[in-house]
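Okay, can everyone see my screen? I'd like to spend a few minutes on packing and empty space in this one, so let me put it up.

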Amino acid sequence: MKVLICGGGVIGTSIAYFLSQRNIEAVVVERTGVANAASGKSGGFLALDWCDGSPLAPLARRSFALHGELAATLDRDWGYRRVDTLGVVASVQQDTSRYRNLQSPDWLGAESAVHGQIGTPDTTAQIHPALFTQAMMDAAADKGASLVNGRVDGICFSPDGARATGAIVNGAALHADAVVIAMGPWSILACQWLPLPAIYGSKGHSLVFQYEPTPESLFVELEWQAGQMRSPEINPRPDGTTYVCGLPGDDPLPVDPANVLPEPGACETLRQMTASIAPELGASAILAEQACYRPVTQDGLPLIGAVPGIAGAYIATGHNVWGMLNGPATGEAMAELIAGGETRVNLRPFDPVRMAAQDPGAIF
Ligand SMILES: Cc1cc2nc3c(=O)[nH]c(=O)nc-3n(C[C@H](O)[C@H](O)[C@H](O)COP(=O)(O)OP(=O)(O)OC[C@H]3O[C@@H](n4cnc5c(N)ncnc54)[C@H](O)[C@@H]3O)c2cc1C
C-alpha cells in the first residue's frame, strides 16, 4: 500500500513515521521544505493535562506519552526535556508585586511576578519543533518513506469520482492507494478538491534569542502599553537559545508558504514586550524574527479522519495551538485508521462529518 501525504509539517511527518513503522509506504509531498511553516516556528511546548475537560484530552495524553517514548527510543536529539512551567504576571503600567506567590527566576525583571507553578516535569515538556519534525521525517525515511519536493495542486480520482487515486503534484499525477491532506492552514486549498469544511490560518510572530537562562517555560500575562493585555510565552531551549511568541498578526494567509513574513514593526514590539518581562533576554542577540499560521477549524477541534464520501481520502489538520503536542498521537491514529484497524484514541470528536452534523444543509 502506498500513501501520499500532502504537507511536511509535524502532522504529515508524524503520519509518515507511524505508517512506516507498519511497513506501509509513505510519500510526503512538501512545497517549501520540511518544518518550514508553523511546525518549525512554534514554541514546542508540551503538556500532559492542559486539554483535560475537552474532547482533546485522550489525544493529548496519548501524545504526551508518545513524545517521551520517541525521545527514549529514537537515536536522534530534538531537545526533548521535561520542565517546570510558571505562570507570570507582568506590567508596564503598575506594580505587580502583590501577585508574587513564588520566587522569580533571577533573569526576570522586577516588574515580573511569578504567581504560580502551572506545570511540573511530570506534566510539562519541551521539544525543538523543527528538529522534531525533521527527525520524524528522517526516521520514516529509514523505514522506506520518501520526500517529494513539490506543490500539490489537486487530487486524482477514479473514473466514477468515488475514490482518491493520488494527487496532482507540479501539474502531474502522482498515484497512490490513499491520500492524506496535512497541509496545516493550506488545507483550505483542499476544499476546492474534496468535500471538506474550511480551515483557517491564525497568524503569530516569534523571536529566537541567543540566551540560555534557567530552563523554566513561562506563560506571561502582560499588561502592555495603553492597557492592552498580551500573553507571551517564553521557552528557553537546551541549545543556548530562548524562544518567545505571543504577538498575533493580521495578514491573510498567502497561498505560497514561502511568502509568510513578519509584519512591519511586529518583531520590534515583541522584543520590547520581552524586555519588559526579562530585560537581559530582551537585550540579547536575535537569531530569528519569524511568523507562522496555526491551522484552526470553526469549532476549534482538529479534523482527523476519512473525507466523507471519497474512499481513500483522509485529512489531518486544524490542530491550532497544540499541533506539536498532538502530532505523534495524530500520526499513530492515522496510521491505524489507514491500515484498517481500530484506533487507540477515539477519533469520533475529530471526524470531519461533525461539521455537516452541526449544519445539516452544509455542503462543505
Ligand atoms: C506562534 C506559534 C506558537 C506555537 N506554539 C506551540 C506549542 O508550544 N506547542 C504546540 O503543541 N503547538 C504550538 N503551535 C501550533 C503548532 O505549531 C501547529 O499546530 C502545527 O505546527 C501544525 O502543523 P501542521 O503539520 O498541521 O501544519 P504546518 O506546520 O503548517 O505544515 C503544513 C505544510 O504544508 C506545506 N504545504 C502548504 N501548501 C502546500 C501544497 N500546495 N503542496 C505541498 N505542501 C504544501 C507547507 O509548506 C507546510 O510545510 C504554535 C503555533 C504558532 C503559530
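So, two domains here: domain 1 is 2-77 + 127-199 + 297-358, and domain 2 is 85-119 + 201-295. Keep in mind that this is a predicted model. Taken over C-alpha atoms, the centres of domain 1 and domain 2 sit 29 Å apart. Where the two touch, domain 1 puts in 24 residues and domain 2 puts in 23.

Now, the cavities. How many come out at 30 Å³ or more? Just one cavity passes that cut-off. The largest cavity holds about 40 Å³ of space. And who's around it? Going along the chain, the lining is N36, A37, K41, W186, P257, V260, A291, C292 and Y293. If you sort that lining by class, you get seven nonpolar residues, one polar and one charged. Strand β18, residues 286-296, supplies the largest share of the lining, with three residues.

Where does this cavity lie relative to the domains? Both domain 1 and domain 2 give residues to its lining, so the largest cavity lies between them. For anyone wondering about the approach, rolling a probe the size of a water molecule over the atoms shows where empty space is left.

Let's go from the holes to the packing. The largest nonpolar core has 55 residues, and the members that touch the most others in it are I5 and L19. Let me click on I5. Skipping its neighbours within four places in sequence, I5 is in contact with G12, I15, A16, L19, A26, V27, V28, V29, V180 and A182. So L19, the other name I just gave you, is on that contact list too. There's also a second core, separate from that one, with 28 residues, including A164, W193, A291 and L303. You've met A291 already: it was in the lining of the largest cavity.

Last stop, a pocket. The second largest pocket has about 270 Å³ of space. Its lining counts 13 residues, and the ones nearest the centre are L337, N346, L347, R348 and D351. By class, the lining of this pocket splits into six nonpolar, four polar and three charged residues. Which strand gives the most to it? That's β19, residues 303-306, with three residues. L303, at the start of that stretch, is one of the residues in the second core.

Okay, that's my tour. Shout if you want me to zoom in anywhere.

Conventions. Residues are numbered from 1 along each chain as its sequence is written. This is a predicted model: local features need pLDDT of at least 70, side-chain atom pairs count only at pLDDT 80 or more; totals for chains, interfaces and linings use all residues. Side-chain values use heavy atoms; hydrogens and water are left out. A nonpolar core is a set of buried Ala, Val, Leu, Ile, Met, Phe, Trp, Tyr and Cys residues joined through side-chain atoms within 4.5 Å. Buried means under 20% relative accessible area, exposed over 50%, partly exposed in between (1.4 Å probe, protein chains only). Contact means heavy atoms within 4.5 Å. On a 1 Å grid over the protein atoms alone, a cavity is a set of points where a 1.4 Å probe fits but cannot get out, and a pocket is an open set with protein on both sides within 12 Å along at least five of seven lines; lining residues have an atom within 4 Å of a point. Grid points are joined across faces, edges and corners, and a volume is the space filled by probe spheres set on the points. Helices (H or I, at least four residues) and strands (E, at least two) are DSSP runs, numbered from the N terminus. Ala, Val, Leu, Ile, Met, Phe, Trp, Tyr, Cys and Pro count as nonpolar, Asp, Glu, Lys and Arg as charged, and the others, Gly among them, as polar. Domain bounds come from an automatic or database domain assignment.
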